[in-house]
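Please open the model in a viewer and keep the sequence panel visible beside it. The tour below proceeds by selection, with a short account of what each selection shows.

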Amino acid sequence: MDAQTKLELEAAAFRTLQAHLQKRTDVQNIDMMNLTGFCRNCLSRWYQEAANERGIEMSKDEAREEFYGMPYSDWREKFQIEANDAQKAAFEISHKDAT
């Protein structure tokens, strides 16, 4: 496989993941963090970092809006729920060794 085809396939996979997560608003970021070690915010940060590395000015809010498909504040208001004690405890355990 040539490099351009590989790049296009990777980009397509990313767009599919992004669209999937935009549809699955029931999946909370804390649950993603607890299970995978990353969440929508991580993905938007990686997107921002990639843009900045290429000389494209992009703020954290701009990157989040690009990834979430809406301003992050709107997404939080519509879809984010307060983490329960079990989710918070799982987060502490899963990130104990990460610091």
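Which element gives the largest share of the lining of the largest cavity? The answer is α1, with three residues. The model is a predicted one, and the tour returns to this cavity after a view of the whole chain.

**Whole chain**

Begin with the entire protein in a cartoon representation. Six helices and zero strands are present, so named from the N terminus on as α-α-α-α-α-α. Oriented along the principal axes, the C-alpha atoms fill a box of roughly 45 × 30 × 25 Å.

Next, switch to a surface representation. The protein exposes about 7200 Å², and carbon and sulfur atoms supply 53% of that area. Of the 99 residues, 28% are buried. A contact map gives a further view: among contacts between residues at least 6 apart in sequence, 50% join residues at least 24 apart.

**The cavity**

Select Q18, L21, Q22, R40, F67, Y68 and W75, which line the largest cavity. The elements that give two or more residues to this lining are α1 and α4 (60-68). About 30 Å³ of space lies inside the largest cavity, and the structure holds one cavity of 30 Å³ or more. Coloured by class, the lining shows four nonpolar, two polar and one charged residues.

**Q18**

Keep Q18 from that selection and centre the view on it. Q18 is placed in helix α1. Is Q18 buried or exposed? Q18 counts as buried because its relative accessible area is 13%, and the cut-off for burial is under 20%.

Show the surroundings of Q18 next. Leaving out residues up to four places away in sequence, Q18 touches E66 and F67. Add Y68 and draw a distance between C-alpha atoms: Q18 and Y68 are 50 residues apart along the chain, yet their C-alpha atoms are separated by 7.8 Å.

**F67 and the nonpolar core**

Move the centre of the view to F67. Which residues does F67 contact, leaving aside its neighbours within four places in sequence? They are F14, Q18, L21, Q22, R40, L43 and S44.

Now select L21, M32, M33, C39, C42, L43 and F67, the seven residues of the largest nonpolar core. Both α2 (29-36) and α3 supply at least two residues of this core. F67 therefore appears in two selections of this tour, as a member of the core and as part of the cavity lining.

**Helix α2**

Select α2 alone and display its side chains. Its buried residues are N29, I30, M32, M33 and N34. Then bring back the other helices: the cover over these buried residues includes α1, α3, α4, α5 (72-79) and α6 (85-94). Just after α2, select G37, where phi is positive at about 85 degrees.

**The largest pocket**

Return to the surface and select L7, E10, A11, F14, Y47, A50, A51, R54 and I56. These residues line the largest pocket, which holds about 320 Å³ of space. Two helices, α1 (3-23) and α3 (40-53), each supply at least two residues of the lining. The largest share, four residues, comes from α1. By class, the lining has seven nonpolar, no polar and two charged residues. F14, part of this lining, is also among the residues in contact with F67.

**Two further stops**

Select G55, in the loop between α3 and α4. G55 is exposed, because its relative accessible area is 62% and the cut-off for exposure is over 50%. Add E82 and draw a line between the two C-alpha atoms: G55 and E82 lie 27 residues apart along the chain, with a separation of 36 Å.

Finish at D2, in the segment before α1. How does D2 count in terms of accessibility? D2 counts as partly exposed, at 45% relative accessibility. Add C39, a member of the nonpolar core, and draw the last distance: the C-alpha atoms of D2 and C39 are separated by 30 Å, and the two residues are 37 apart along the chain.

Methods. Residues are numbered from 1 along each chain as its sequence is written. This is a predicted model: local features need pLDDT of at least 70, side-chain atom pairs count only at pLDDT 80 or more; totals for chains, interfaces and linings use all residues. Side-chain values use heavy atoms; hydrogens and water are left out. On a 1 Å grid over the protein atoms alone, a cavity is a set of points where a 1.4 Å probe fits but cannot get out, and a pocket is an open set with protein on both sides within 12 Å along at least five of seven lines; lining residues have an atom within 4 Å of a point. Grid points are joined across faces, edges and corners, and a volume is the space filled by probe spheres set on the points. Ala, Val, Leu, Ile, Met, Phe, Trp, Tyr, Cys and Pro count as nonpolar, Asp, Glu, Lys and Arg as charged, and the others, Gly among them, as polar. A nonpolar core is a set of buried Ala, Val, Leu, Ile, Met, Phe, Trp, Tyr and Cys residues joined through side-chain atoms within 4.5 Å. Buried means under 20% relative accessible area, exposed over 50%, partly exposed in between (1.4 Å probe, protein chains only). Contact means heavy atoms within 4.5 Å. Accessible areas come from the Shrake-Rupley method with a 1.4 Å probe; for residues, only the protein chains shown count as cover.
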